[in-house]
Amino acid sequence: RFKQFFHDEKDPKSLPDNLIAQVVPDKNNNLWVSTSQGFCYFNTTTQQCTNFVHNPNDSSSIRNDEQPFIYPDSAGITWVTTNKGLYRFDRGLHFNEEIEGVEGFQFDQNYIQYYYSIVPDKKGQLWSSIGNRIYLLDAVSKKVKKTFIFPWQNSIGGIYFDSNNRM
């Protein structure tokens, strides 16, 4: 049976928005949902969301919720990258903002100090990108181990690996 879920302004346990970019299951078969207005953890048993959106009046909210990308790792930690940060969520949905590990740089008139997406290759190495850079990440800390810089005119939109582990 298929059931649809929608954003409801009157219900704080509904989806943060109806424009969904990514749905990722965790080890417990619950879902992390990325939307255009933040992201949420959807409990499949209660069928309710715990929303994570930026609130400028609440210093305990996430600092940024733009373009979230969600990566649950094999240790049960969920990592969320946004336009301006990297967040580490434990199993209790508590988060820490991880701001170290990316050396800032100028790209297309913007100063960038973050990366977007976390993609594993077939060997278990983690990769990410933003602007004209591709990063090899430390599998545990998600900090940058190595940076590959391409000509400034290039913008990398995503990383994919084929069946032979070629990028």
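**Exercise 1. Leu-93**

Task: In this predicted model, decide whether Leu-93 counts as buried or exposed, and place the residue in the fold.

Solution: Begin with the relative accessibility of Leu-93, which is 19%. Because buried means under 20% relative accessible area, Leu-93 counts as buried at this value. Next, locate the residue along the chain: Leu-93 lies in the loop between β7 (85–89) and β8 (95–98). Then consider the backbone, where phi of Leu-93 is near 65 degrees, a positive value in a residue other than glycine.

**Exercise 2. Asn-29**

Task: Determine where Asn-29 is placed and whether Asn-29 is buried or exposed.

Solution: The loop between β1 and β2 holds Asn-29. Its relative accessible area is 57%, and since exposed means over 50%, Asn-29 is exposed. As for the backbone of Asn-29, phi is near 65 degrees, which is a positive value in a residue other than glycine.

**Exercise 3. The nonpolar cores**

Task: Find which residues make up the largest nonpolar core, and which strands each supply at least two residues of this core.

Solution: The largest nonpolar core has 12 residues, namely Tyr-71, Ile-77, Trp-79, Leu-86, Ile-112, Tyr-114, Tyr-115, Ile-118, Leu-126, Ile-130, Tyr-135 and Leu-137. At least two residues of this core come from each of β12 (126–130) and β13 (133–137). Apart from this core lies another, of 11 residues, and among them are Trp-32, Phe-39, Tyr-87 and Leu-93. As a general point, nonpolar side chains in soluble globular proteins tend to be buried together. To look at one member of the largest core, take Tyr-71: leaving aside residues up to four places away in sequence, Tyr-71 touches Ile-77, Thr-78, Trp-79, Ile-118, Pro-120, Leu-126 and Lys-142.

**Exercise 4. Ser-117**

Task: State which strand holds Ser-117, and list which residues Ser-117 touches.

Solution: Ser-117 is in strand β11 (residues 116–120). With a relative accessibility of 5%, Ser-117 counts as buried. When residues up to four places away in sequence are not counted, the contacts of Ser-117 are Phe-69, Thr-81, Trp-127, Ser-128 and Ser-129.

**Exercise 5. The largest pocket**

Task: Work out what volume the largest pocket has and how its lining divides into nonpolar, polar and charged residues.

Solution: The volume of the largest pocket is about 320 Å³. The pocket is lined by 14 residues, of which Lys-3, Gln-4, Phe-5, Leu-15 and Leu-31 are the closest to its centre. The lining divides into 9 nonpolar, 4 polar and 1 charged. Finally, β1 (20–25) and β2 (31–35) each supply at least two residues of that lining.

Methods. Residues are numbered from 1 along each chain as its sequence is written. This is a predicted model: local features need pLDDT of at least 70, side-chain atom pairs count only at pLDDT 80 or more; totals for chains, interfaces and linings use all residues. Side-chain values use heavy atoms; hydrogens and water are left out. On a 1 Å grid over the protein atoms alone, a cavity is a set of points where a 1.4 Å probe fits but cannot get out, and a pocket is an open set with protein on both sides within 12 Å along at least five of seven lines; lining residues have an atom within 4 Å of a point. Grid points are joined across faces, edges and corners, and a volume is the space filled by probe spheres set on the points. Helices (H or I, at least four residues) and strands (E, at least two) are DSSP runs, numbered from the N terminus. Ala, Val, Leu, Ile, Met, Phe, Trp, Tyr, Cys and Pro count as nonpolar, Asp, Glu, Lys and Arg as charged, and the others, Gly among them, as polar. Buried means under 20% relative accessible area, exposed over 50%, partly exposed in between (1.4 Å probe, protein chains only). Contact means heavy atoms within 4.5 Å. A nonpolar core is a set of buried Ala, Val, Leu, Ile, Met, Phe, Trp, Tyr and Cys residues joined through side-chain atoms within 4.5 Å.
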